[in-house]
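Hi everyone, thanks for making room for me today. I'd like to walk you through a protein model, so let's put it up on the screen.

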Amino acid sequence: MTSSVELYVYDLSGGMAKQLSRQVTGRQIDGIWHTSVVVFGKEIFYGQGISITQPGRSHHGAPMEIISMGETSIDEETFEEYLAEIREHYTADKYHLLEFNCNSFTNDCIGFLTGGSIPSHISDLPTDFLSTPLGAALRPTIDALSRRPSAGAAPTPPQIPQGSQAPAPLNPQLAASILQSVAAQAQSGPSATSQPPVHHPITGPIHVTTNPASFDAFLKSHKAAVGFFTSQTCPPCRMIEPVFERLADEKGIREDKNGAGFAKVDLGVGMGHQVAGQYGVRATPTFIFFLDGKKVEEIRGADANELRTQIDLLIFQAYPPHPHIGLKLPTIQSLSLDPILFKQVPPLDTMFQRLYTFIDGVQWPESSVQSQTQVKDALSTTVLPYLKSRFPQTPSKDLPSATPIILETLSRASSTLAAALAIESLFPVVDIWRLCLLDPSVANCVSGSPALNPVTLFLPKAVSASQSPSKPSRNYILTALRMLANGFAHPTSARWLMLPQAREKVTEVLIPSLLHEDASVRTSAASLAFNAATALQKPRAEAVRTGKKWNAETEGEDVCDWEVEMVSAITEALERETENEEVVHRLAACIAFLIRLSPSYDAQISPLLQVLQTKDVLKRKLEYVKKPEVRRLVDEVANKLCPV
């Protein structure tokens with residue numbers, strides 16, 4: 001006699017995934033699937049332990065879909081014995097929203113009852129989600145949601161990772177809210193059948209896998225993975241298990257650190273013997289090491305030292321250190337990472353009088369919201385006094401910061417003047433902003449307010465002027481470059497300038513300016529290029545110092561593309577530069593900071609340097625460069641960082 005087996009499918013997001021997934025992940029996900037197995041007139045599912053209810057009577061409500069999984073010849077008593085056997089593995093503390101969830105349990109049960117498996121669009125959902133930029137960014141949040149705090153500890157709210165340059169969702173807080181809702185829904189259950197939470201001893205969970213499908217999903221979602229094949233009747237397994245747990249704690253994946261995934265497979269539980277059979281495991285304990293889903297090494301027996309050694313080797317193979325880390329680069333390492341700033345203060349009264357002359361000498365647009373007199377009054381009564389107090393002739397430690405009124409006044413006047421004045425008359429306004437950006441309060445304010453940001457106002461004109469340089473536009477381009485360089489004076493404005501949209505516009509004016517006929521323009525452009533390169537180098541150097549995870553995915557594909565563009569442009573600028581040693585010095589430093597520790601060095605930058613013959617270009621600079629410090633830098637970049 002056979003019994004029918006059905007799969008009940010629920011959407012834990014309540015429809016939010018279908019409506020919002022493309023917005024928050026960049027990919028269409030129709031549901032966050034929860035499944036139950038229905039057999040012998042009962043619905044069985046996993047959340048707070050294994051729960052059993054009448055079909056359709058669980059707290060999940062009515063299923064969205066009922067899928068027939070065929071017939072089983074196994075009787076109810078045998079199935080209940082099977083549930084009792086796996087109950088100690090499917091406990092509340094081992095639940096993980098992506099790695100070990102209701103679908104892992106359902107897949108085990110379906111495999112036991114029918115020999116089949118649940119549909120792939122359900123079992124593959126975790127891998128699909130983790131393959132999105134949002135999934136990778138929220139992995140630590142998901143782990144936190146699936147973790148229990150220690151007794152008496154306050155629950156830790158999930159955190160959205162900050163600072164990642166990977167593509168961000170339009171609303172990351174919305175994504176976190178969905179995850180919290182899903183986790184609560186998935187792990188809630190009838191109190192009568194739930195088991196008390198138990199603190200899991202490690203931060204990075206050990207993924208308990210009991211069937212081939214869940215183990216395959218585990219391998220797909222971890223670049224480096226370790227499988228611990230064990231059995232309850234194996235004394236050496238019990239001896240080595242605490243060591244395995246400690247290593248999972250030390251070497252597991254963290255939000256800011258590369259590591260390996262750790263999985264435990266009990267041959268006597270569920271379909272664990274089938275997982276073991278796939279990899280030829282016949283004795284326990286056995287440890288198998290996987291790189292990109294492929295077996296690379298195996299250890300049999302409880303050798304703690306060898307286990308640690310192989311895990312370290314696996315992580316090294318998965319995430320090899322950057323090839324430049326071991327190089328001795330005394331000249332490059334002695335370079336300052338501080339930005340090059342243009343702090344010269346011109347005679348302010350003279351500068352403003354010159355601007356007033358430009359204002360009086362132009363035919364004023366009828367559509368202007370401010371008259372010539374109103375603009376001059378605003379500048380003379382609000383902006384000029386601020387600059388005089390901020391940059392006094394006698395040095396002072398007590399410097400005032402720009403107030404919102406000052407910034408609003410200057411921004412309004414700047415917008416009016418940008419529409420009224422020709423480009424050759426506009427540079428004094430840009431120079432005012434050059435000085436203002438040295439004030440931290442201005443940097444903070446303009447970074448968060450597009451309406452107040454001078455870069456968005458003046459940069460399009462600078463881009464246009466740099467593409468068709470002329471003598472009238474020279475002063476504007478020069479001043480705009482120096483204003484942009486001063487934008488790197490403070491972290492908030494530097495971060496804003498390195499965001500993709502702003503960085504793209506900055507690069508549009510920077511690259512042609514590196515080839516400008518005027519030496520002052522080239523020097524200012526080289527300074528701006530240096531500042532941008534140091535902004536890229538700082539987090540890389542910090543990641544090396546602290547062991548923080550940092551790779552091409554962390555930075556984002558757009559950064560690699562920008563590096564390629566910049567390295568090409570700077571190599572050409574170095575080739576053409578034949579008279580200004582200071583420009584050579586700054587460009588050589590810029591090349592060093594762009595390519596040293598670049599996550600894309602092997603795949604993209606090194607081949608590019610060979611094609612561009614950057615090494616030969618640098619060596620040719622030694623024919624006329626005289627300053628010892630410049631010669632040392634050029635030689636070190638050419639011979640240590642550029643490929644043969």
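Let's begin with cysteines. C436 has a relative accessible area of 2%, so this residue counts as buried. C590 goes to 0%, and is buried as well. Keep in mind that what you're looking at is a predicted model.

Now, how many disulfides does the structure hold? There is 1. C234 and C237 make that link, with their sulfur atoms 2.5 Å apart. If you look along the S-S bond, the angle about it is 80 degrees, and the link of C234 and C237 is right-handed. Are these two cysteines, C234 and C237, buried or exposed? C234 has 6% relative accessibility, so C234 counts as buried. C237 comes out at 1%, so C237 is buried too.

Okay, let's zoom out for a moment. The protein chain has 644 residues, and buried residues make up 51% of them. In terms of secondary structure, we have 29 helices and 10 strands. The accessible surface of the chain is about 28,600 Å², and carbon and sulfur atoms account for 52% of that. Here's one about the fold: take the contacts between residues at least 6 apart in sequence, and 75% of those join residues at least 24 apart.

On to the sheets. A quick reminder from the textbook: strands of a sheet pair through backbone hydrogen bonds, and the pairing can be parallel or antiparallel.

One open sheet has 5 strands in the order β4-β3-β2-β1-β5, and the pairing is antiparallel. Its edge strands are β4 (49-53) and β5 (65-72), each of which pairs on one side only. On average, neighbouring strands in this sheet are turned by 25 degrees against each other, ignoring direction. To see the pairing up close, go to β3, residues 42-47: this strand pairs with β4 in the antiparallel sense over 5 bridges. For example, Y46 has I50 in β4 as its bridge partner.

What packs on this sheet, touching β2, β3 and β4? That's helix α2, residues 76-86, and its direction makes about 10 degrees with that of β3. Then there's helix α3, residues 102-114, which lies across β1, β2, β3, β4 and β5. Helix α3 runs at about 30 degrees to β2.

There's another open sheet of 5 strands, and here the order is β6-β8-β7-β9-β10, with mixed pairing. The edges are β6 (206-208) and β10 (294-300), and each of them pairs on one side only. Neighbouring strands of this sheet are turned by 25 degrees on average, again with direction ignored. Strand β9, residues 286-291, runs antiparallel to β10, and 6 bridges join the two. One pair you can click on is F290 with its bridge partner K295 in β10. This sheet also has a helix across it: α12, residues 304-318, lies across β7, β8, β9 and β10. Helix α12 runs at about 10 degrees to β9.

Next, charges. Searching the whole structure turns up 23 salt bridges. K42, E76 and E80 are linked in a network of them.

Where do R540 and E555 sit? First, the pair itself: R540 and E555 form a salt bridge, with the closest N and O atoms 2.7 Å apart. R540 lies in helix α23 (residues 519-546) and E555 in helix α24 (residues 552-555), so their salt bridge ties together parts that are 15 residues apart in sequence. Both R540 and E555 are buried.

Compare that with R545 and E542, whose side chains meet in a salt bridge at 2.6 Å, N to O. These two are 3 residues apart in helix α23, so about one helical turn separates them. R545 has a relative accessible area of 62%, so R545 is exposed. E542 is at 37%, which means E542 counts as partly exposed.

One more salt bridge: R300 and E298 meet at 2.8 Å, N to O. R300 is exposed, at 60% relative accessible area.

Last stop, T331. You'll find T331 in helix α13, residues 330-334. With 16% relative accessibility, T331 counts as buried, because the cut-off for buried is under 20%. So which residues does T331 contact, leaving aside neighbours within four places in sequence? T331 touches R632, L633 and E636.

That's my tour, thanks for listening!

Definitions and conventions
Residues numbered from 1 in each chain as written. Predicted model: local features only at pLDDT ≥ 70, side-chain atom pairs only at ≥ 80, totals over all residues. Heavy atoms only, no water. Helix = DSSP H or I, 4+ residues; strand = E, 2+ residues; numbered from the N terminus. Buried < 20%, exposed > 50% of the residue type's maximum accessible area, 1.4 Å probe, protein only. Contact = heavy atoms within 4.5 Å. Areas by Shrake-Rupley, 256 points an atom, 1.4 Å probe, with all protein chains shown as cover. Salt bridge = Lys/Arg side-chain N within 4 Å of Asp/Glu carboxyl O. Pairing = 2+ DSSP bridges. Axes fitted to C-alpha atoms, helices over the stretch in contact; angles between N-to-C directions. Disulfide = S-S within 2.5 Å.
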